[in-house]
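User: I should like to go through the geometry and side-chain contacts of this protein step by step. Please reason briefly in each reply and finish on the value or name requested.

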Amino acid sequence: MPLHRPSSETERRDEEFTAYLHARQPSLMRTAYLLTGDRHTAEGVLQTSLAKLYLAWDKVRDRDSVDAYLRRIMVNENNSLWRRAWKRREHATEVVPEWTPHHDEYDEGRNDALWDVVRSLPPKARAVVVLRYYEELSEAETADTLGISLGTVKSQCSRAIGTLRQRVPADLHPGRGQDS
């Protein structure tokens with residue numbers, strides 16, 4: 001019985017997807033982490049999102065919009081996680097893991113401290129902030145990615161920035177802190 005060989009069309013699709021994955025995976029992992037606030041959850045969200053993208057790869061006609069399409073999948077997957085009643089931040093384990101904070105050498109942990117404040121935002125507000133300021137999407141692109149109105153992006157962003165200004169410790173504010 002001869003082995004089934006994939007068609008050249010399947011091989012082409014797999015090669016295109018693999019090339020995309022190799023080029024974009026680190027950036028996509030950072031985005032997933034910023035959306036979820038947890039490395040393990042981010043890995044799961046990204047893996048599920050990439051699987052869904054692979055299944056729809058031939059349907060994505062405009063290759064320049066693959067990132068936008070995948071970001072939309074990631075946001076939807078993240079929203080699905082926190083909507084589930086059983087999803088909680090606590091996980092039962094037999095042994096309590098040792099927690100050692102990661103401090104970036106170049107900033108003496110300032111980014112980690114700032115990220116702790118960003119993680120305190122509600123998931124939808126955090127998604128708006130991540131897409132607007134980390135991914136540098138326009139308000140219209142952010143609205144399209146999240147499936148919300150432009151006005152909602154503006155109001156969510158405004159409220160989130162106001163909340164961050166209130167919650168960020170004085171030593172993390174730009175122009176202040178380390179020397180003052």
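User: Which residues of helix 6 are buried?

Analyst: This is a predicted model, and a residue counts as buried when its relative accessible area is under 20%. In helix 6, the residues that meet this criterion are T142, A143, T145 and L146.

User: What arc do the buried residues of helix 6 cover around the axis?

Analyst: The buried set consists of T142, A143, T145 and L146. These residues lie on the same side of helix 6, because the arc that they cover around the axis is only 165°.

User: Which residue just after helix 6 takes a positive phi?

Analyst: The backbone just after helix 6 has a phi of about 70° at one position. The residue with this positive value is G147.

User: How are helix 5 and helix 7 oriented, roughly parallel or roughly perpendicular?

Analyst: The axes of helix 5 (residues 123–134) and helix 7 (residues 150–167) come within 9 Å and cross at roughly 95°. Angles of 65 to 115 degrees fall in one orientation class. The crossing therefore makes helix 5, relative to helix 7, roughly perpendicular.

User: How many nonpolar residues are there in the contact of helix 5 with helix 7?

Analyst: Helix 5 contributes K124, A125, V128, V129, R132 and Y133, while helix 7 contributes V153, Q156, C157, A160 and I161. By class, the contact has 1 polar and 2 charged residues, and the number of nonpolar residues is 8.

User: What is the C-alpha separation of S155 and V128?

Analyst: S155 is found in helix 7 and is partly exposed, its relative accessible area being 26%. V128 belongs to the helix 5 side of the contact with helix 7. S155 and V128 are 27 residues apart along the chain, and their C-alpha atoms are separated by 10.0 Å.

User: By what N to O distance do E9 and R12 meet in a salt bridge?

Analyst: E9 and R12 are 3 residues apart in helix 1 (residues 8–36), so about one helical turn separates them. An α-helix has 3.6 residues a turn, so residues three or four places apart point the same way. E9 is partly exposed at 46% relative accessible area, and R12 is partly exposed at 29%. The N to O distance in their salt bridge is 2.3 Å.

User: How many residues apart in sequence are the parts that D67 and R24 tie together?

Analyst: The side chains of D67 and R24 meet in a salt bridge, with an N to O distance of 3.1 Å. R24 is partly exposed, with a relative accessible area of 23%. Because D67 lies in helix 3 (residues 66–83) and R24 in helix 1, the pair ties together parts whose separation in sequence is 43 residues.

User: Are R71 and E135, which form a salt bridge, buried or exposed?

Analyst: The closest N and O atoms of R71 and E135 are 3.2 Å apart. R71 is in helix 3 and E135 in the loop between helix 5 and helix 6 (139–146), so the pair links distant parts of the chain, 64 residues apart. Both R71 and E135 are buried.

User: Which residues do salt bridges that share partners join into one network?

Analyst: A search of the whole structure finds 10 salt bridges. Salt bridges with shared partners form one network, whose members are E9, R12, R13, D14, E16 and D58.

User: What is the C-alpha separation of L172 and N111?

Analyst: L172 lies in the segment after helix 7 and is buried, with a relative accessible area of 11%. Along the chain, L172 and N111 are 61 residues apart, and their C-alpha atoms are separated by 8.8 Å.

How values were computed. Residues are numbered from 1 along each chain as its sequence is written. This is a predicted model: local features need pLDDT of at least 70, side-chain atom pairs count only at pLDDT 80 or more; totals for chains, interfaces and linings use all residues. Side-chain values use heavy atoms; hydrogens and water are left out. Axes are lines fitted to C-alpha atoms, for helices over the stretch in contact, and angles run from 0 to 180 degrees between N-to-C directions. Helices (H or I, at least four residues) and strands (E, at least two) are DSSP runs, numbered from the N terminus. Angles under 35 degrees count as roughly parallel, over 145 as roughly antiparallel, 65 to 115 as roughly perpendicular and the rest as oblique. Contact means heavy atoms within 4.5 Å. Ala, Val, Leu, Ile, Met, Phe, Trp, Tyr, Cys and Pro count as nonpolar, Asp, Glu, Lys and Arg as charged, and the others, Gly among them, as polar. A salt bridge is a side-chain nitrogen of Lys or Arg within 4 Å of a carboxyl oxygen of Asp or Glu. Buried means under 20% relative accessible area, exposed over 50%, partly exposed in between (1.4 Å probe, protein chains only). The arc is that of the directions from the helix axis to the C-beta atoms.
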